[in-house]
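Colleague: I am new to this structure and would like to understand how its contacts are defined. Could you take me through the terms as they come up?

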Amino acid sequence: MGRVSHHPIGVDIGGSGIKGAPVDLKKGEFADDRLRIETPEESTPEAVAEVVAQIVEHFDNKDHDVPVGITVPAVVTRGLVRTAANIDQSWIGTDASRLFEERLGRPVTVVNDADAAGLGELQYGAGRGTSGVVLLATLGTGIGTALINEGALVPNSELGHLTIDGVDAETRASSHARESEDLSWEEWAERLQEYFARVEDLLWPDLIVVGGGVAKHAEHFLPLLHLRAPIVAARLGNAAGIIGAAWLAREHAHGRRTVE
Ligand code: BGC
């Protein structure tokens with residue numbers, strides 16, 4: 001038996017955990033305790049959809065068809081998953097919107113995880129009130145990016161896969177790379193400097209926001225970076241994706257097609 005919530009629900013699908021919560025969009029914060037369930041060992045679309053349903057039904061027992069936004073760590077165009085850099089390859093070609101809608105019996109919004117985090121930070125966090133071009137980069141297992149101009153998202157920017165010196169940027173500059181190669185903050189910052197300088201030369205953002213779990217240690221590496229644009233830590237932490245997904249789902253429920 002689920003709890004009754006009238007707030008839109010955001011669900012964030014990650015490599016190790018699937019997390020969801022109803023979001024109070026007036027405040028930009030969770031309206032109830034977040035529920036986290038381990039990502040199934042075999043993280044096929046069907047197995048993941050089961051967990052997503054458990055989470056959504058925990059908060060909304062279907063009497064209230066609140067909007068649901070779901071993030072995936074992949075390119076998503078019109079509900080279709082197109083890539084699978086750090087998730088099970090069987091996601092490629094999956095119509096995720098249809099899969100979740102059939103399982104949940106209601107419309108859903110499916111969005112790239114970094115795009116959702118970017119929208120969350122723009123509405124309620126470090127990007128709030130910023131005009132012009134905002135670039136959010138989440139540094140985690142991979143590097144996810146959200147590119148937002150005057151509040152409008154350019155979906156699936158995928159700048160974590162820029163090639164620098166013949167190497168996919170996320171394999172050198174992600175948080176995972178820092179941990180697995182046991183890099184010092186200084187060593188990692190050199191890689192970040194190279195990465196963000198390249199991104200900046202191409203896009204000239206007005207603000208760069210750094211997200212992902214490592215953002216809470218920003219004081220160790222952000223002061224070492226020298227870029228044209230201000231570069232700041234995300235404020236919503238790991239909640240950004242859930243909050244942004246719920247925000248986007250509500251936009252769609254109101255007929256505002258922020259992202260197709
Ligand atoms: C994927 C992106 C995703 C990012 C963070 C990258 O490897 O290509 O779609 O946003 O990881 O999960």
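Modeller: A polar contact is a pair of N or O atoms within 3.5 Å; within protein, one must be able to donate a hydrogen and the other to accept it, and residues adjacent in sequence count only if both atoms are side-chain atoms. This is a predicted model, in which local features need pLDDT of at least 70 and side-chain atom pairs count only at pLDDT 80 or more, while totals for chains, interfaces and linings use all residues. Residues are numbered from 1 along each chain as its sequence is written, and side-chain values use heavy atoms, with hydrogens and water left out.

Colleague: What makes His161 a polar contact of the ligand?

Modeller: A polar side-chain atom of His161 lies 2.7 Å from an oxygen atom of the ligand, which is within the limit, so the pair counts as a polar contact. For Glu158 the corresponding distance, again from a polar side-chain atom to a ligand oxygen, is 2.5 Å, whereas Ala74 uses a backbone N or O atom at 3.4 Å.

Colleague: How do you know how much of the ligand the protein buries?

Modeller: Taken alone the ligand exposes 310 Å², and the protein buries 92% of that, with accessible areas from the Shrake-Rupley method with a 1.4 Å probe.

Colleague: Why is the count of salt bridges between domain 1 and domain 2 zero?

Modeller: A salt bridge needs a side-chain nitrogen of Lys or Arg within 4 Å of a carboxyl oxygen of Asp or Glu, and the count between domain 1 and domain 2 is zero. Two residue pairs are nevertheless in polar contact between these domains, both at pLDDT 80 or more.
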